[in-house]
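Biologist: I would like to learn how to read a protein model step by step. Could you take me through this one?

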Amino acid sequence: MTTTADYERMLREAALRVTRPRVAVLSAVHENAHADTDSIIGQVRHDLPKVSHQAVYDVLRALTVAGLVRRIQPMGSVARYEARVGDNHHHVVCRSCGEIHDVDCSVGAAPCLEASDSHGFVIDEAEVIYWGLCAACAPESAEELH
């Protein structure tokens, strides 16, 4: 279990000043994988009731730039944040309910996939989103087809 001291250490190691909003947002992201901004704001406000939406957005941006959190935004979805960073993992998303889960690197080490044409880029990461129906939604869809 990650503690407040751990979050403070992470912030210092990323050369970020330790503030209560930063610790609270980092904690919320660690406790809720793939949380959207509204969910994070709600959780942060349990400890810091007066924190503004803008403060949380600013902290999320700073944490993302520092590499402490990762921002993902599957097509048709709001931005979501996760604490699993630096391992080039991918995601599976339910087309019906929007549920998201991590999927480990598809083949080998980063970037996991090789582009058919790099266009001169030095590629170091691949972002893959697998789309389908989660277990809870798949039976409903199968019934609708019959």
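Biologist: How many helices and strands are there in the protein chain?

Modeller: This is a predicted model, and the protein chain in it has five helices and six strands. To read the layout, follow the elements from the N terminus on: α-α-β-α-α-β-β-β-β-β-α.

Biologist: What percentage of the residues count as buried?

Modeller: A residue is called buried when its relative accessible area is under 20%. Of the 146 residues of the protein chain, 33% pass that test. You can also look at the outside: the chain exposes about 9200 Å², and carbon and sulfur atoms supply 52% of that area.

Biologist: And how do I read contacts along the chain? What share of them join residues at least 24 apart?

Modeller: Take the contacts between residues at least 6 apart in sequence; 45% of these join residues at least 24 apart.

Biologist: Now the inside, please. Which residues of the largest nonpolar core touch the most other members?

Modeller: Think of a core as buried nonpolar residues joined through their side chains. Here the largest one has 24 residues, and Val25, Leu26, Ile40, Val44, Val56 and Leu63 touch the most other members. Helices α1 (4-13), α2 (20-31), α3 (37-47) and α4 (53-65) each supply at least two residues of this core. The largest share, six residues, comes from α2.

Biologist: Which residues does Leu26 touch, not counting those up to four places away in sequence?

Modeller: Leu26 touches Tyr7, Met10, Leu11, Leu63, Leu68 and Val69.

Biologist: Let me try one in helix α2, where Val23 lies. Is Val23 buried or exposed?

Modeller: Compare its value with the 20% limit for buried residues. Val23 has a relative accessible area of 12%, so it is buried. Leaving aside neighbours within four places in sequence, Val23 is in contact with Thr4, Tyr7, Glu8, Leu11 and Val18. Val23 and Leu11 are 12 residues apart in sequence, and their C-alpha atoms are 8.0 Å apart in space.

Biologist: How should I read a residue in another helix, such as Thr37 in α3?

Modeller: In just that way! The relative accessible area of Thr37 is 9%, so Thr37 is buried. Beyond its neighbours within four places in sequence, Thr37 is in contact with Tyr57, Leu60, Ala79 and Tyr81.

Biologist: What about pockets? Which residues line the largest pocket?

Modeller: A pocket is an open space with protein around it, and its lining residues have an atom within 4 Å of that space. The largest pocket here holds about 170 Å³. Its lining is made of Thr4, Arg20, Val23, Ala24, Ser27, Ala28, Glu31, Gln43, Val44, Asp47 and Leu48. By class, five are nonpolar, three polar and three charged. Both α2 and α3 supply at least two lining residues, and the largest share, six residues, comes from α2.

Biologist: One last feature: backbone angles. What is the phi of Ala15?

Modeller: Ala15 has a positive phi of about 65°, although it is not a glycine. Look for Ala15 in the loop between α1 and α2. With a relative accessible area of 73%, Ala15 is over the 50% limit and therefore counts as exposed.

Biologist: And where is His34 found?

Modeller: His34 is in the loop between α2 and β1 (35-36). His34 also has a positive phi of about 65° without being a glycine. Its relative accessible area is 7%, so His34 is buried.

Definitions and conventions: Residues are numbered from 1 along each chain as its sequence is written. This is a predicted model: local features need pLDDT of at least 70, side-chain atom pairs count only at pLDDT 80 or more; totals for chains, interfaces and linings use all residues. Side-chain values use heavy atoms; hydrogens and water are left out. A nonpolar core is a set of buried Ala, Val, Leu, Ile, Met, Phe, Trp, Tyr and Cys residues joined through side-chain atoms within 4.5 Å. Buried means under 20% relative accessible area, exposed over 50%, partly exposed in between (1.4 Å probe, protein chains only). Helices (H or I, at least four residues) and strands (E, at least two) are DSSP runs, numbered from the N terminus. Contact means heavy atoms within 4.5 Å. On a 1 Å grid over the protein atoms alone, a cavity is a set of points where a 1.4 Å probe fits but cannot get out, and a pocket is an open set with protein on both sides within 12 Å along at least five of seven lines; lining residues have an atom within 4 Å of a point. Grid points are joined across faces, edges and corners, and a volume is the space filled by probe spheres set on the points. Ala, Val, Leu, Ile, Met, Phe, Trp, Tyr, Cys and Pro count as nonpolar, Asp, Glu, Lys and Arg as charged, and the others, Gly among them, as polar. Accessible areas come from the Shrake-Rupley method with a 1.4 Å probe; for residues, only the protein chains shown count as cover.
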